Amino acid sequence: MREYRDRMVQEIAACTCDRCSQRMSPDDDQGEWYEKVSLDWRGGFGSVFGDGAHLSIDLCQQCLRDTLGSWLRVDPPSATDNVIEALKGVVSRPDVRVTVDQMNPLLFGEQDESRGTLLLATRLAKIVAQAIAVFREQDKAIRWLVMPHKQFAGRTALEMAKTEDDARLVEEALVRIDELYG
Ligand SMILES: [Zn+2]
């Protein structure tokens, strides 16, 4: 039997770029906030900065490109990442937890509010939310959503969302997974 008490947890609320002084916070601009780069390490003996020196830097994405850009290895997204790209607008980021209320079907695709796109976006949002509920972890859910499945004739769950009938098959598959492992 365990007893619990509340604990205060500190989290980073904002960060200023050490080069251009741009202040970044998740409330101001999520895009800038998640693309910033923070380095923090301690030099060992023989460090050019001094033995055991503590080193840190916070850079906005523009300053990262303008300073280290010529040496950065930038690889194009893999096929899986491309499908995650398709989720843009439905979930803000694949590694951040969202509830179905936070998903915005209107933002899906090319901001096309035509009925077809809206229906697709709504189906996608529903399937994503259901998968997150079943797998309990968003990255696990997304991995399942972007993986080709035998039961869907080699298609991914997201591809299945294109039609109402196929989307129902995905929902049924998720219910079965939930019953088996839930
Ligand atoms: Zn900067």
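**Exercise 1. Confidence along the chain**

Task: In this predicted model, determine in which element confidence is lowest and in which it is highest.

Solution. Confidence in the chain reaches its lowest value in helix H3 (residues 79-86), with a mean of 52, and its highest in E1, at 96. The next step concerns residues 108-112, where the pLDDT is below 50. Beyond near neighbours in sequence, this stretch has eight contacts in the model. For the chain, the average pLDDT is 79, and 76% of the residues score at least 70.

**Exercise 2. The order of the elements**

Task: State how many helices and strands the chain contains, and which pattern they follow along the sequence.

Solution. The secondary structure consists of seven helices and four strands. Read along the sequence, these give β-β-α-β-β-α-α-α-α-α-α. As to burial, 19% of the 182 residues count as buried. Among contacts between residues at least 6 apart in sequence, 43% join residues at least 24 apart.

**Exercise 3. The paired strands**

Task: Identify the sense in which E3 and strand E4 pair, and count the buried residues of strand E3.

Solution. Begin with the pairing: E3 and strand E4 (residues 54-59) run antiparallel and are joined over six bridges. Within this pair, Trp41 stands opposite Leu55 in E4. Then consider burial. Strand E3 (residues 37-42) has six residues, and the count of buried ones is zero, so the strand is hardly covered.

**Exercise 4. Two residues with positive phi**

Task: For Ser21 and Ala153, establish where each residue lies and whether each is buried or exposed.

Solution. Ser21 belongs to the loop between strand E1 (15-16) and strand E2 (23-24). Its phi is near 65°, a positive value in a residue other than glycine. Ser21 has 9 other C-beta atoms within 10 Å and is therefore exposed, the limit for this class being 12 or fewer.

Ala153 is located in the loop between H5 and H6. Its phi is near 55°, again positive in a residue other than glycine. Ala153 counts as exposed because it has 9 C-beta neighbours inside 10 Å.

**Exercise 5. Glu35 and Cys63**

Task: Decide whether Glu35 and Cys63 are buried, partly exposed or exposed, and find which residues Cys63 contacts beyond its sequence neighbours.

Solution. Glu35 is part of helix H1 (residues 30-35). The count of other C-beta atoms within 10 Å of Glu35 is 14, so this residue is partly exposed. A distance of 9.2 Å separates the C-alpha atoms of Glu35 and Leu59, which are 24 residues apart along the chain.

Cys63 lies in helix H2 (residues 61-68). With 20 other C-beta atoms within 10 Å, Cys63 is buried, since 20 or more is the requirement. Leaving aside neighbours within four places in sequence, Cys63 is in contact with Cys17, Arg19 and Cys20. The C-alpha atoms of Cys63 and Lys36, 27 residues apart along the chain, are separated by 9.2 Å.

**Exercise 6. The nonpolar cores**

Task: Name the helices that each supply at least two residues of the largest nonpolar core, and say which of them supplies the largest share.

Solution. The largest nonpolar core has 19 residues; Leu124, Ile127, Val128, Ala131, Leu145, Ala161 and Val170 have the most contacts inside it. At least two residues of this core come from each of helix H4 (115-135), helix H5 (138-145), helix H6 (157-160) and helix H7 (164-181). The largest share, eight residues, is that of H4. Ala161 shows individual contacts: not counting residues up to four places away in sequence, Ala161 touches Leu120, Arg123, Leu124, Ile127, Ala167 and Val170. A second, separate core has five residues, including Cys17, Met24, Leu59 and Cys60.

**Exercise 7. The faces of H5 and H7**

Task: Explain why the buried residues of H5 lie on the same side, and why those of H7 line one face.

Solution. In H5, the buried residues are Ala141, Ile142 and Leu145. They cover an arc of only 95° around the axis and therefore lie on the same side of H5.

H7 has 18 residues and reaches 26 Å from its first C-alpha to its last, close to the 26 Å expected at 1.5 Å a residue. Ala167, Val170 and Leu174 are buried in H7. Because the buried residues fall within an arc of 55° as seen down the axis, they line one face of H7. The face turned away from this buried side carries the exposed residues Asp165, Arg168, Glu172, Arg176, Glu179 and Leu180.

Notes
Residues numbered from 1 in each chain as written. Predicted model: local features only at pLDDT ≥ 70, side-chain atom pairs only at ≥ 80, totals over all residues. Core = buried A, V, L, I, M, F, W, Y, C linked by C-beta atoms within 7 Å. Contact = placed C-beta atoms within 7 Å. Arc of directions from axis to C-beta. Expected span 1.5 Å × (residues − 1). Pairing = 2+ DSSP bridges. pLDDT = per-residue confidence, 0-100.
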